[in-house]
Every structure is written in C-alpha cells, then in structure tokens.
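This report describes one protein model for a reader at the bench. Please look over the sequence and the 3D view before reading on.

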Amino acid sequence: DEVIAVEPDDRMRSVLSEEVPGSRVVKGHGESMPLPDSSVDAVLASSSWHWMDPVPTLHEVGRVLVPGGPLGALWSGPDPESPFLAQARALLAGQSADGTRDDGGDSGAGELSGLIMGDALRPSSTLEIPDGVPFERPESNVFTWDVALNADELIGLLGTFSWIITMPEERQTRVIAEARRLLSELLGVEGEVTVDVTFRAEAWRARRLG
C-alpha cells in the first residue's frame, strides 16, 4: 500500500522524502489535499491537528477518505504529571519566588515555568466532531511510556513545542539558553547524564460515515 504524506513546508517535505523511503510526499494542507475523492483508506495526523482549521479539515478528510475509513489524530509529548516534570515545576516555582540567581541576575525561571507548564499554552488534545461533518463520534485511548533523555535531547524536545516554535527568534534563543542553564544548575542534567521522562500519547479515532 502507498503512503502519501501531505505537508505544506518545503523543508519538511524534503525531510519526509529522506526519512520515509517509498512514500509519496505532496504539497498541501489539511484543509486542501491534492488527492482524489474517496481515494485513501486512512488519514493520520500526529501532533499536528491543532495547526489546522478543524471544520474545513474534517470536510476535506471526509472527501478523500473511503466510506468507513478512519481519521486518526494523535498528540504526544511529556506527561505534565510525570515525576520529572513535577520536580522541575517545584524547582522552577522556588526559583521564581526568589527571582534571582546566586550571582544577582534575574533567574528567568518564572518565564520558563509559565512557558513549559502553562496550561493556557498547551494545545487542546481532543478531536472534536461537530454537527454537520461526515464522521461518527470519536473514540480515544491514552498510552504512556518512559524515555531516558540527556540535556541536548531535552533541549531538542523543548524546541518542538508549538508555542516555542512560534516565538520571535530572540526570545526563543533566550528561553532555550535559560532552560539549558537550569537543567545543569538545578537538576544536574548536563553532558551524557540522563533523566527518565514519562511521555503521554492521546490517540483519537473517528470513522467516516458511509
């Protein structure tokens, strides 16, 4: 069976072509896919549904899916209730309350704590099916697993958060530098030292009405 990846960004299409050999990578958006009607068996969106306008996208997915075909939407990332993030949250809260580093400078922990832990910034991880779109009610499951990550991998993970990606470059650079400092000074995570981070995936599935 052919795998077709629909991606609006030129750079990401290049990466997909290299990383998923044998796939067909096409330029498009969730709201406008260059595919024939009823031509695909399943449509999958991994940590990307929140970038799309949901109602037009649901109609477009319904157009390209075969009757009864599933739409799968997945959100995955660090579990905010995991032991590591609970520890980080407590330490950042302490730094924020103090407001200064040992050298007298501004800790920056308050900004970082709000960015990483703030629920208002975290995209919704729910697939909602409003009236008038051609899908059954969705079903969902939650999966968790642990991954050992070093400082570079944790910083790389931070750079994948949508609210970090959309920051002005200067602020993004400042936040990432502060995160690396706090990992080293507060948690002792530097070099090849690793910590276990619990990840959580929320998986949703809704079938196209036949």
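The text below goes from the overall make-up to strand pairing, an aromatic pair, and two helices.

**Overall make-up**

The model is a predicted one. Its secondary structure comes to 7 helices and 6 strands. Read from the N terminus, the order of these elements is β-α-β-β-α-β-α-α-β-α-α-α-β. The protein has 210 residues, and buried residues make up 36% of them. Of the contacts with a separation of 6 or more, 74% are between residues 24 or more positions apart. The accessible surface comes to about 12000 Å², and carbon and sulfur atoms hold 52% of that surface.

**Strand pairing around β6**

Strand β6 covers residues 194-207 and pairs with strand β4, residues 70-78, in the antiparallel sense. Strand β6 also pairs with strand β5, residues 139-150, again in the antiparallel sense. The pairing of β4 with β6 runs over 9 bridges, and that of β5 with β6 over 12 bridges. On the β4 side, Pro78 stands opposite Phe199 of β6. On the β5 side, Val147 stands opposite Val197 of β6.

Val147 lies in strand β5. Leaving aside residues up to four places away in sequence, Val147 touches Val195, Asp196, Val197 and Phe199. Pro78 and Val147 are 69 residues apart along the chain, and their C-alpha atoms are separated by 9.6 Å.

**The aromatic pair**

How many aromatic pairs does a search of the whole structure find? The search finds 1. This pair is formed by Trp145 and Phe199 and is stacked, with 5.9 Å centre to centre and 20° between the planes. Because Trp145 lies in strand β5 and Phe199 in strand β6, the pair ties together parts that are 54 residues apart in sequence. Phe199 therefore appears in several of the details above: opposite Pro78, in touch with Val147, and stacked with Trp145.

Is Phe199 buried or exposed? With a relative accessible area of 12%, Phe199 is buried, since the cut-off for buried is under 20%. Trp145, at 35% relative accessibility, counts as partly exposed. Val147 is likewise partly exposed, at 27%. The table lists these values together with that of Arg181, which is taken up further on.

| Residue | Relative accessibility | Class |
|---|---|---|
| Phe199 | 12% | buried |
| Arg181 | 16% | buried |
| Val147 | 27% | partly exposed |
| Trp145 | 35% | partly exposed |

**Helix α5**

Helix α5 spans residues 151-158. Asn150 caps the N-terminal end of α5, with a side-chain oxygen 3.2 Å from the backbone nitrogen of Asp152. Which residues of helix α5 are buried? They are Ala151, Leu154, Ile155, Leu157 and Leu158. These buried residues cover an arc of only 155° around the axis, so they are on the same side of α5. An α-helix has 3.6 residues a turn, so residues three or four places apart point the same way.

**Arg181 in helix α7**

Arg181 has its place in helix α7, which covers residues 169-187. At 16% relative accessibility Arg181 counts as buried, because buried means under 20%. The side chains of Arg181 and Glu185 are joined by a polar contact of 2.5 Å.

Note on methods: Residues are numbered from 1 along each chain as its sequence is written. This is a predicted model: local features need pLDDT of at least 70, side-chain atom pairs count only at pLDDT 80 or more; totals for chains, interfaces and linings use all residues. Side-chain values use heavy atoms; hydrogens and water are left out. Two strands pair if DSSP finds at least two bridges between them. Helices (H or I, at least four residues) and strands (E, at least two) are DSSP runs, numbered from the N terminus. Buried means under 20% relative accessible area, exposed over 50%, partly exposed in between (1.4 Å probe, protein chains only). A polar contact is a pair of N or O atoms within 3.5 Å; within protein, one must be able to donate a hydrogen and the other to accept it, and residues adjacent in sequence count only if both atoms are side-chain atoms. Contact means heavy atoms within 4.5 Å. Accessible areas come from the Shrake-Rupley method with a 1.4 Å probe; for residues, only the protein chains shown count as cover. The arc is that of the directions from the helix axis to the C-beta atoms. Rings of Phe, Tyr and Trp (its six-membered ring) pair if their centres lie within 6.5 Å; planes under 30 degrees apart count as stacked, over 60 as edge-to-face and the rest as tilted.
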